[in-house]
Amino acid sequence: MQKIPVTRDGKRGSEVLVIDASDVVKIDRIRNREVLIHTQNEQFYLDFSFDNLEEWLFEDGFRLLDSANIVNMNHVQEYDAKKGLIYLSSDHRKHAKTASAALLHREHVENAIQLIKAADRSSSEHNPQLHDELFNKIINETNDYQLLRSYATIRAMNERRRAEEQIVHMAYHDSLTNLPNRLLFDEKLKLCFEQAERTGGMLAILFFDLDRFKVINDTLGHHIGDQLLQNLAQKLRVYVKDKDVVARFGGDEFIILLTDLAHIDEAAQFAKGIPELLKDPFLIEDQELFVTASIGISVYPNDGLVPDILLKNADIAMYRSKEKGGNSYHYYHPEMNKRSLHRLNLEIHLRKALERNEFVIYYQPIVDLRQGTVFGMEALVRWQHPEWGLVSPGEFIPLAEETGLIVPIGNWVLKEACIQTKAWQKKGYPSLVVSVNISAIQFHQIHFVQIVMNALEESGLSPDQLCLEITENVAMNNVPYIIETMQRIKALGVRISIDDFGTGYSSLSYLKRFRVNTLKIDQSFIRDLTCDEDNAAIVTALIAMSHRLKIKSLAEGVETKEQLDFLMSQGCDKIQGFVFSKPIPAADFELMIQKNKQLYLV
């Protein structure tokens, strides 16, 4: 913005003042050496020559109406074509600032005013499309060079203003979802805090992220994940009221600010609506994606008296929801700080566990029900911490998946299980098939098939003695890639098993195309098998379907004689569970096969 040097009396030697061009509404030449500068409320004398003034101030919106009259078009309120008057203030009746346009084409003034208003976001006549159409029409119909120059400058000014507004918007909004970003959210949160402090009001922060979103990115690609986030952002924008704020915090994390709460329960009522937003699948590139969210809630003033603390506590509450299995919300409680510190400490130690050789593999026997003998075993990783002892897989496996550490851990388990199985074979024990769980992230490694080949080559294990277990939900995502990878693995001679079957979004047509060796029936169906008719019907159907598809059926989590008898009566092929043996260390498992332990069938 240009600065204009002026004086109050126009006399030589008077004090020179500097005013912004944006404050000036018009400039009049009274006499050759006297030029008046008008603002809305004052007038000054120009401190230098009038010549070339319009050209100097052209980009700031000033236009020469005649030889003695320059107007700042940004201050034009209305144009009266009949009187030839341009009104430069909103009050047209009293003390109106005006300028004469008698020597200017009427169309030129009207066009200039319309172009400026169509580009002004604050104007009720803001219309970028109309602005562009009008400009193209004007330049095609105008032959006057000076007028063309005026129009071109107006357009350049508007484009510059639009670019500046875009830059500001980009600084405060997320580029992917167009939601407010953390910077804008923090500013709004600060203002709301100040207001709540003055009025004694209550506000809440909801911090949430999508459960297992990393699996979608890793299996289907980030472009699919990005589209899902965009669709979710649109739903959130509609769900959140105008007075509240929803922002993308980063990745798949979103944050919502609820203001003017009358009661703390209002935050919970709002949180209950988020699963409804996620109830229907997101259809992206012919893929149906189902997602859930873990939500944490913190409330001012109960859970924090400054913005940063309130944010931190909402984040801690969100992780509590995630630890509880996701798809839920939790209010913050001070006890959660201990859990948060424990989780952070757990992650730090987990990152060092592999290089410190703290992982061990336990083996759970898989029994052939026709023979009653051990057919193979499932390799299950355990973390033997030097101070904490044996860490529960339910505690560190989800963390490993979330942090991506499951990839190096899973690859290590694959290699070590192959080496151990080959070692038992060399000792003269019966050839066993070792089953290894493969996570979604691990399965979608670019060189996963090569990793499997390397494990077989280094161990010397025959491919048909290795079975890779992938969960049903992994198998149902990015099906073309899954089928291609499975075909390459099958070509090696490696077996494939679908784990936890029946717990996800099953597709029998895909199951047929996968041509897996084994279908593992999830233990949730086995647990109440003998007292729940529905579970019994499901298990019966799954076993029968496996037989028709020439796939072996394996029931996991078998704990009682009654469950075992039912499975045998239905023709189940294999079982694993406490009814025969819990997972045990390699040395104990070797002792078991050395003694040729059998399941005594009646």
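How many of the ten residues of strand β18 are buried? In this predicted model, the count is nine, and the strand, residues 359-368, is thus described as mostly covered.

Good morning, colleagues. I shall begin with the chain as a whole, and then return to β18 and its partners.

The chain comprises 602 residues, of which 48% count as buried. Its secondary structure amounts to 21 helices and 27 strands. The exposed area is about 30700 Å², and carbon and sulfur atoms supply 49% of that area. As for the contacts with a sequence separation of 6 or more, 62% are between residues 24 or more positions apart.

Let me now take β18 with its partners. Strand β19, residues 373-385, runs antiparallel to β18, and ten bridges join the two. Within this pairing, Y363 is placed opposite A379 of β19. The two strands form a hairpin with four residues between them, and in that hairpin G372 adopts a positive phi near 80°.

β18 has further pairings. Strand β27, residues 584-585, is joined to β18 by two bridges, again in the antiparallel sense. Here Y363 stands opposite I584. Y363 therefore appears in two of the pairings I have named: opposite A379 in β19 and opposite I584 in β27. Strand β26, residues 574-576, likewise pairs antiparallel with β18 over two bridges, and I575 of β26 is the bridge partner of V367.

I turn next to a sheet elsewhere in the chain. Five strands make up an open sheet with mixed pairing, in the order β12-β13-β11-β16-β17. Its edges are β12, residues 245-250, and β17, residues 328-331; each has a single partner strand, so one side of each lacks a neighbour in the sheet. From one strand to the next, the twist averages 20°.

Which strand pairs with β17 in the parallel sense? The partner is β16, residues 293-300, and the pairing extends over four bridges. I297 is found opposite Y331 of β17.

A helix also belongs to this picture. Helix α9, residues 307-323, lies across β11, β12, β13, β16 and β17, and runs at about 145° to β16.

My last topic is a pair of helices. Two packed helices are described by the angle between their axes and the distance between the axes. For α6, residues 213-220, and α7, residues 222-239, the axes come within 6 Å and cross at roughly 135°. The two helices are therefore oblique to each other. On the α6 side, the contact involves F213, I216, N217 and L220; on the α7 side, H222, H223, I224, G225, L228 and L229. By class, this contact contains six nonpolar and four polar residues, with no charged residue.

One of these residues, I216, leads us back towards the five-stranded sheet. F290 sits in the loop between β15, residues 287-289, and β16. F290 and I216 are separated by 74 residues in sequence, yet their C-alpha atoms are 9.9 Å apart in space.

Is F290 buried or partly exposed? Its relative accessibility is 33%, and F290 therefore counts as partly exposed.

To close, I would recall two points. β18 is mostly covered, with nine of its ten residues buried, and β12 and β17 stand at the edges of the open sheet. Thank you for your attention.

Terms used:
Residues are numbered from 1 along each chain as its sequence is written. This is a predicted model: local features need pLDDT of at least 70, side-chain atom pairs count only at pLDDT 80 or more; totals for chains, interfaces and linings use all residues. Side-chain values use heavy atoms; hydrogens and water are left out. Axes are lines fitted to C-alpha atoms, for helices over the stretch in contact, and angles run from 0 to 180 degrees between N-to-C directions. Angles under 35 degrees count as roughly parallel, over 145 as roughly antiparallel, 65 to 115 as roughly perpendicular and the rest as oblique. Contact means heavy atoms within 4.5 Å. Ala, Val, Leu, Ile, Met, Phe, Trp, Tyr, Cys and Pro count as nonpolar, Asp, Glu, Lys and Arg as charged, and the others, Gly among them, as polar. Buried means under 20% relative accessible area, exposed over 50%, partly exposed in between (1.4 Å probe, protein chains only). Accessible areas come from the Shrake-Rupley method with a 1.4 Å probe; for residues, only the protein chains shown count as cover. Two strands pair if DSSP finds at least two bridges between them.
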